[in-house]
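Q: Could you take a close look at one part of this model for me, the largest pocket, and then show how the parts around the chain are tied together?

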Amino acid sequence: MQDLETLNRLFGKEAEVCFVEGQSGMPIIEVATKKASATIALYGGQILSYKSNGMEHDLFYLSEKAIYQQGKAIRGGVPVCWPWFGEDPGNLGRQAHGFARNLLWNVLDCQLHDDIVEITLGLESTATSKQWWPNEFRLRKKIVIGEQLDISLTTENRGEIPFSISKALHTYFQVGDISQTKVVGLDGLDYLDKTLDFSKRTQVGDITPFAETDRVYLASPARVQIIDEVLNRQINIEQHGAENIVVWNPWTRASLLNDMDATDYQQFICVETANAIANSVIIAPGASHQMQVKYNVSSIA
């Protein structure tokens with residue numbers, strides 16, 4: 001693991017980008033510029049918070065009961081689900097949502113230009129990763145922090161045979177009250193409803209959660225919005241290289257989670273950029289696949 005002194009020497013940018021010790025000794029990147037602030041955990045390569053200049057509230061929900069320890073995903077922010085999304089596709093007893101969110105990522109680059117910070121993190125196949133997944137890979141996550149937040153996730157096949165992946169940015173967006181929140185832009189699209197044994201349904205109108213919601217939208221659009229009446233903001237989501245959007249809120253099942261307060265379901269909604277189920281990606285030897293998403297916030301007119 002890269003130590004904090006080395007990270008600050010190689011990648012620190014005076015007051016704008018600092019590497020510090022976080023919960024349970026985990027290394028954290030703290031970003032503070034004239035345009036935005038953010039925190040990123042090297043564990044999981046996970047963005048934990050982001051606020052552009054002038055935003056009163058954080059873009060993301062982060063559980064106060066989140067567990068910061070090896071082998072446990074951090075509840076909130078933007079976890080990376082990779083190289084599979086959902087339950088273990090091989091039924092081999094492996095952890096749900098893959099292993100990328102449970103490993104320390106390496107810092108590969110950090111640039112600062114015009115108060116915009118660009119951080120590149122990476123994972124590569126190791127003897128440890130091959131215990132769970134036998135393929136040779138290189139995974140890169142580029143995070144651009146400015147007046148909007150840009151994330152790209154690039155998978156490269158460094159082996160000699162094709163492999164298949166499914167993946168998602170499992171983003172927890174903070175909202176003022178889930179009952180006064182809606183997701184716009186998915187009207188008329190088919191989705192698979194996990195709460196109904198993955199039966200196929202068609203969206204009618206906007207999504208206005210009133211119970212547990214767990215849906216994989218098929219052939220999803222490039223843009224959707226979250227309208228938050230309480231925080232008086234519209235969260236704009238623009239994605240590329242992703243065929244699915246997943247919408248999730250556990251509702252009262254949050255009480256079954258030991259790293260979330262029972263009422264926290266009222267304070268977030270997950271709208272996830274994904275390639276999942278039938279939209280898994282096959283990557284040939286020497287080839288790569290990139291998934292991108294951009295988030296920005298505007299006030300409700």
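A: Sure, starting with the pocket: 37 residues line the largest one, and Gly-86, Glu-87, Ala-96, His-97 and Lys-194 lie nearest its centre. Three elements give two or more residues each to that lining, namely β10 (163-165), β16 (213-217) and β19 (244-249). Keep in mind that this is a predicted model. The space in the largest pocket comes to about 950 Å³. Sorted by class, its lining has 18 nonpolar, 9 polar and 10 charged residues.

Two of those lining elements also help place the salt bridges. Lys-65 and Asp-261 form one, with their closest N and O atoms 3.8 Å apart. Asp-261 sits in the loop between β19 and β20 (268-275), while Lys-65 is in the loop between β4 (46-52) and β5 (80-81), so the pair ties together parts 196 residues apart in sequence. Lys-65 is partly exposed, at 39% relative accessible area, and Asp-261 is partly exposed too, at 31%.

Then there's β16: Asp-206, in the loop between β15 (199-202) and β16, is linked to Lys-182 in strand β13, 24 residues apart. The closest N and O atoms of that salt bridge are 3.9 Å apart. Asp-206 counts as partly exposed at 32% relative accessibility, as does Lys-182 at 29%.

As for β10, the loop between β9 and β10 holds Arg-158, and its partner Glu-124 lies in strand β7 (residues 116-124), so this pair ties together parts 34 residues apart. Their side chains meet at 3.4 Å, N to O. Both belong to a network of salt bridges with shared partners that also takes in Arg-138, Arg-140 and Glu-156.

Definitions and conventions:
Residues numbered from 1 in each chain as written. Predicted model: local features only at pLDDT ≥ 70, side-chain atom pairs only at ≥ 80, totals over all residues. Heavy atoms only, no water. 1 Å grid on protein atoms, 1.4 Å probe; cavity = no way out; pocket = protein on both sides within 12 Å on 5 of 7 lines; lining within 4 Å. Points joined across faces, edges and corners; volume = space filled by probe spheres on them. Helix = DSSP H or I, 4+ residues; strand = E, 2+ residues; numbered from the N terminus. Nonpolar A, V, L, I, M, F, W, Y, C, P; charged D, E, K, R; others polar. Salt bridge = Lys/Arg side-chain N within 4 Å of Asp/Glu carboxyl O. Buried < 20%, exposed > 50% of the residue type's maximum accessible area, 1.4 Å probe, protein only.
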